[in-house]
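Trainee: Could we go through this model together, one question at a time, with the cut-offs stated as we meet them?

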Amino acid sequence: MTDVTRRAWSGSVQGFPLSCALTMRAAQACLLLLAFLSLAAAPGDYARIEDGIASRLNNYRADNGLPRLKRSPLLDRVARAHAADLAEHHPDRGTDRRGQPCNLHSWSAAGPWRAVCYTADHVYAERMWSKPAEITDGAYPGPGYEIAMGSTGPVTAELALNGWKASPGHRAVILEEGVWGKPPWKVFGVGVSEGYAVVWFGREPDPPPAKPRRR
């Protein structure tokens with residue numbers, strides 16, 4: 001499991017969901033919460049970059065003899081929430097109670113989830129695997145696994161995928177190598193916000209939409 005040195009970009013590989021008023025700070029926090037809970041599509045520019053990452057990632061898999069993965073709306077939701085949290089609150093810049101530095105798999109305490117300072121020794125891995133269930137109110141049926149990158153400038157699909165391809169740890173996740181090989185990935189979700197891009201992989205497909213009841 002690898003953390004890529006931050007230069008033009010940095011990344012890491014994860015191991016084994018009212019109204020707004022009052023003060024400006026309270027209003028900003030409330031608006032951010034509403035954004036996390038919303039099922040609306042990502043803003044146009046971000047959505048275009050996300051689609052580009054998804055396309056390039058699937059092309060890369062196909063070039064290496066692997067099947068293309070289906071996009072998961074639920075994991076998209078998780079990825080977008082995390083990218084927005086990283087861009088707004090930078091939980092990767094802190095340390096845990098032991099003084100260990102947090103990395104890009106960290107989540108702040110500003111949203112409807114358990115905060116976690118994810119460290120290189122993977123002590124808090126379970127708090128990462130559970131994020132799809134937390135963010136989707138249990139709608140996603142399994143754990144999720146993430147690759148992430150942060151850039152000092154705007155994120156592009158090319159920048160994100162080229163960086164992940166150049167990192168053995170990230171490449172192993174995308175191409176299902178080593179411990180990531182079985183069972184295979186079934187779906188993935190992509191999120192982009194400011195200088196951050198994340199991809200969440202899952203081994204369970206999204207459940208089918210509930211059928212409307214007949215009256």
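The exchange below moves from the whole chain to its helices, its disulfide and a few single residues.

Mentor: Before we begin, keep in mind that this is a predicted model, in which local features need pLDDT of at least 70 and side-chain atom pairs count only at pLDDT 80 or more, while totals for chains, interfaces and linings use all residues. Residues are numbered from 1 along each chain as its sequence is written, and side-chain values use heavy atoms, with hydrogens and water left out.

Trainee: In what order do the elements of the chain run from the N terminus on?

Mentor: The elements are DSSP runs numbered from the N terminus, a helix being H or I over at least four residues and a strand being E over at least two. By that rule the chain holds seven helices and six strands. Read from the N terminus, their order is β-β-α-α-β-α-α-α-β-α-α-β-β.

Trainee: What percentage of the residues of the chain count as buried?

Mentor: A residue is called buried under 20% relative accessible area, exposed over 50%, and partly exposed in between, with a 1.4 Å probe and protein chains only. The chain exposes about 11,100 Å², of which carbon and sulfur atoms supply 55%, the areas coming from the Shrake-Rupley method with a 1.4 Å probe and only the protein chains shown counting as cover for residues. Of the 215 residues, the buried portion is 48%.

Trainee: How far apart are the end C-alpha atoms of helix 2?

Mentor: The expected span of a helix is 1.5 Å times one less than its number of residues. For the 20 residues of helix 2, which are residues 44–63, that rule gives 28 Å, and the expectation agrees with the distance in the model. The end C-alpha atoms of helix 2 are apart by 28 Å.

Trainee: How wide an arc do the buried residues of helix 2 cover around the axis?

Mentor: The buried residues of helix 2 are Ala 47, Ile 49, Glu 50, Ile 53, Ala 54, Leu 57, Asn 58, Tyr 60 and Arg 61. They lie on the same side of helix 2, because the arc they cover around the axis is only 165 degrees. That arc is taken over the directions from the helix axis to the C-beta atoms, and its value for helix 2 is 165 degrees.

Trainee: Which exposed residues sit on the face of helix 2 turned away from its buried side?

Mentor: The buried side packs against several elements, among them strand 3 (70–71), helix 3 (73–89) and helix 6 (157–166), where contact means heavy atoms within 4.5 Å. The face turned away from that side carries the exposed residues Gly 44, Arg 48 and Asp 63.

Trainee: Which backbone nitrogen lies 2.7 Å from a polar atom of the side chain of Asn 58?

Mentor: Asn 58 belongs to helix 2 and is buried, with a relative accessible area of 9%. Leaving aside neighbours within four places in sequence, Asn 58 is in contact with Arg 68, Leu 69 and Phe 188. The backbone nitrogen at 2.7 Å from a polar atom of its side chain is that of Leu 69.

Trainee: How many of the 17 residues of helix 3 are buried?

Mentor: The buried residues of helix 3 include Leu 74, Leu 75, His 82 and Leu 86. Helix 3 is largely enclosed by the rest of the structure, because the number of its 17 residues that are buried is twelve.

Trainee: Which two residues form the disulfide?

Mentor: A disulfide is a pair of cysteine sulfur atoms within 2.5 Å, and a search of the whole structure finds one. Its sulfur atoms are 2.0 Å apart, and the link is left-handed, with -110 degrees about the S-S bond. Both partners are in the loop between helix 3 and helix 4 (125–129), 15 residues apart, and both are buried. The pair is Cys 102 and Cys 117.

Trainee: Which cysteine is in contact with Ser 106?

Mentor: Ser 106 lies in the loop between helix 3 and helix 4, and at 0% relative accessibility Ser 106 counts as buried. Leaving aside neighbours within four places in sequence, its contacts include His 82, Asp 85, Leu 86 and the cysteine asked for, Cys 117.

Trainee: How far apart in space are Pro 132 and Leu 75?

Mentor: Pro 132 is found in helix 5 (residues 131–135) and is buried, with a relative accessible area of 0%. Not counting residues up to four places away in sequence, Pro 132 touches residues including Leu 75, Val 78 and Trp 200. Pro 132 and Leu 75 are 57 residues apart in sequence, and their C-alpha to C-alpha distance is 6.7 Å.

Key: Polar contact = N/O pair within 3.5 Å; in protein donor to acceptor, adjacent residues only side chain to side chain.
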